[in-house]
Amino acid sequence: MERVHNFCAGPCTLPLTVVEELSDELVNFQGSGMSLIEMSHRDPVYDAVHHETMDLLRRLCAVPDDFSVLLLQGGASLQFGMVPMNLLATDGGEVRRGGWVISGSWAKKAYADAQLVSDGAYAAWSGADEDFTRMPSADELDIVDDSRFLHFTSNETIGGIRVPEFYDLDVRLVADMSSDFLTRPIPWDGFDLVYGGAQKNLGPAGLTVVFVRDSVLAEAPKAIPSYLRYDTHAGADSLANTPPVFAIWATGKVLRWIEANGGIEGMEARAAERSSMVYDAIDGSSGFYTNPVDKACRSHTNVVFTLATPELDAAFLSEAEANGLANLKGHRSVGGVRASIYNALPTESVTALVDFMGHFAAANG
Ligand SMILES: *Cc1c(COP(=O)(O)O)cnc(C)c1O
């Protein structure tokens with residue numbers, strides 16, 4: 001069967017070799033007589049898979065020794081609440097301050113949850129007045145004295161904007177890297193915590209990866225439910241409860257594929273090059289296609305564009321679909337077209353999109 005060119009924003013395309021291996025190994029895992037997804041998560045066979053995924057994450061992301069790697073559930077969305085619960089609240093009732101960079105749809109959601117959880121949450125910058133078309137520079141941020149951290153979204157998946165260079169500030173950093181995870185190195189010194197759902201760049205849905213500095217674990221309040229405490233998971237190698245075994249297994253395979261394809265530096269170069277192919281097609285179309293984002297902040301993983309009218313957008317999308325280019329519709333909140341170009345999307349898919357954009361513009365321009 002033909003695979004389509006799948007530009008889905010999440011869950012994402014996985015390497016074909018990974019999907020095939022999963023299929024081949026599904027019924028009888030390593031001669032155990034059962035599938036990995038039917039096995040006890042306390043079984044040594046599963047344990048090896050679990051720790052390999054953790055080790056690969058640590059190695060590929062060059063995670064320092066004084067950080068824990070956590071394999072959680074609940075998506076990046078649950079982190080919107082867990083971060084302020086663990087880092088802003090205290091058992092003594094002290095209200096610590098934390099700043100949020102409001103850079104688009106995901107940051108808004110993160111901030112909304114933080115406000116529910118803590119009176120200490122404040123907006124350090126908002127791009128709402130500019131329709132979320134860029135990220136702030138460091139000197140535009142309003143950081144309150146004694147802030148515990150600054151939370152930012154390194155790549156806004158819906159708006160197609162990214163932080164071009166990570167901030168170097170006096171305040172500790174916390175980042176939602178859901179949609180550019182494993183596409184750029186993390187300068188760890190400034191960070192206390194980094195999180196992301198696996199389904200954008202790393203694997204299937206169901207797994208959330210958190211990297212947390214160990215010094216953060218001790219300060220978390222004890223008066224929150226145990227699953228929501230980072231130290232519960234750090235102290236149990238993310239086996240405090242039943243982990244999402246399928247997603248962890250599959251993610252391990254994708255991480256091995258990333259390692260074999262140049263690691264994080266390879267993925268970074270690949271993301272820059274492939275997103276440029278689409279931006280070049282947009283910029284070279286004499287205005288037939290337009291991208292609203294400040295050029296320096298254009299996402300390397302989610303390329304958004306619109307045509308002259310919503311009718312043309314719709315015609316583009318249906319013709320693209322008929323030509324085997326799937327899931328190009330922009331998020332329902334903004335419309336237009338969005339091509340998500342995550343790590344495992346084959347370069348042929350990007351070439352096919354750029355070719356199609358040329359033909360469509362020639363026929364309709
Ligand atoms: C997709 C996404 C989320 C939400 O992720 P879930 O895993 O579905 O909860 C949060 N932040 C960003 C930047 C995202 O792209």
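**Getting to know the predicted model**

Trainee: Is Val27 buried or exposed?

Mentor: Keep in mind that we are looking at a predicted model. Val27 belongs to the loop between helix 1 (16–25) and helix 2 (44–60). Over 50% relative accessible area counts as exposed. With a relative accessible area of 67%, Val27 is therefore exposed.

Trainee: Which residues make a nonpolar surface patch of about 350 Å²?

Mentor: We have just met one of them, Val27, in the loop between helix 1 and helix 2. The patch covers about 350 Å², and its makers are Leu26, Val27, Ile37 and Phe246.

Trainee: Is Gln30 buried or exposed?

Mentor: Gln30 sits in the loop between helix 1 and helix 2. Its phi is positive, about 50 degrees, although Gln30 is not a glycine. At 65% relative accessibility, Gln30 counts as exposed.

Trainee: And Phe132, is it buried or exposed?

Mentor: Phe132 is another non-glycine residue with a positive phi, near 55 degrees. You will find Phe132 in the loop between strand 4 (121–126) and strand 5 (147–153). Under 20% relative accessible area means buried. The value for Phe132 is 18%, so this residue is buried.

Trainee: Which residue does a cis peptide bond join to Gly10?

Mentor: Look in the loop between strand 1 (5–6) and helix 1, where Pro11 has its place. Omega is about -5 degrees for this cis peptide bond, and the partner of Gly10 is Pro11.

Trainee: Let's turn to the ligand. Which helix gives the largest share of the shell around it?

Mentor: The shell divides into three nonpolar, eight polar and two charged residues. Among the residues around the ligand, Ser77, Thr157, Asp176, Gln199 and Lys200 come nearest. The largest share, four residues, comes from residues 75–87, which form helix 3.

Trainee: What share of the ligand's accessible area does the protein cover?

Mentor: A ligand oxygen lies 3.0 Å from a polar backbone atom of Ala76. Side-chain N or O atoms also approach ligand oxygens, at 2.9 Å for Gln199 and 2.6 Å for Lys200. On its own the ligand has 380 Å² of accessible area, and the share covered by the protein is 88%.

Trainee: How many residues apart in sequence are the parts that Lys253 and Glu25 tie together?

Mentor: The structure holds 16 salt bridges. In one of them, Lys253 meets Glu25 with the closest N and O atoms 3.0 Å apart. Lys253 lies in helix 7 (residues 245–260) and Glu25 in helix 1, so the distance in sequence between the tied parts is 228 residues.

Trainee: What about Glu259 and Arg59: how many residues apart in sequence are the parts they tie together?

Mentor: The closest N and O atoms in the salt bridge of Glu259 and Arg59 are 2.9 Å apart. Because Glu259 lies in helix 7 and Arg59 in helix 2, the separation in sequence is 200 residues.

Trainee: Which residues do salt bridges that share partners join into one network?

Mentor: Start with Arg213 and Asp192, whose side chains meet in a salt bridge at 3.1 Å, N to O. Arg213 is in strand 10 and Asp192 in strand 9, so the pair ties together parts 21 residues apart in sequence. Arg213 is buried at 14% relative accessible area, and Asp192 is buried at 4%. Through shared partners, the network joins Asp66, Arg96, Arg148, Arg172, Asp192, Arg213 and Glu219.

Technical notes:
Residues numbered from 1 in each chain as written. Predicted model: local features only at pLDDT ≥ 70, side-chain atom pairs only at ≥ 80, totals over all residues. Heavy atoms only, no water. Near = heavy atom within 4 Å. Polar contact = N/O pair within 3.5 Å; in protein donor to acceptor, adjacent residues only side chain to side chain. Areas by Shrake-Rupley, 256 points an atom, 1.4 Å probe, with all protein chains shown as cover. Helix = DSSP H or I, 4+ residues; strand = E, 2+ residues; numbered from the N terminus. Nonpolar A, V, L, I, M, F, W, Y, C, P; charged D, E, K, R; others polar. Patch = residues over 30% accessible without salt bridge, like charges linked within 9 Å, V, L, I, M, F, W, Y side chains within 5 Å. Salt bridge = Lys/Arg side-chain N within 4 Å of Asp/Glu carboxyl O. Buried < 20%, exposed > 50% of the residue type's maximum accessible area, 1.4 Å probe, protein only.
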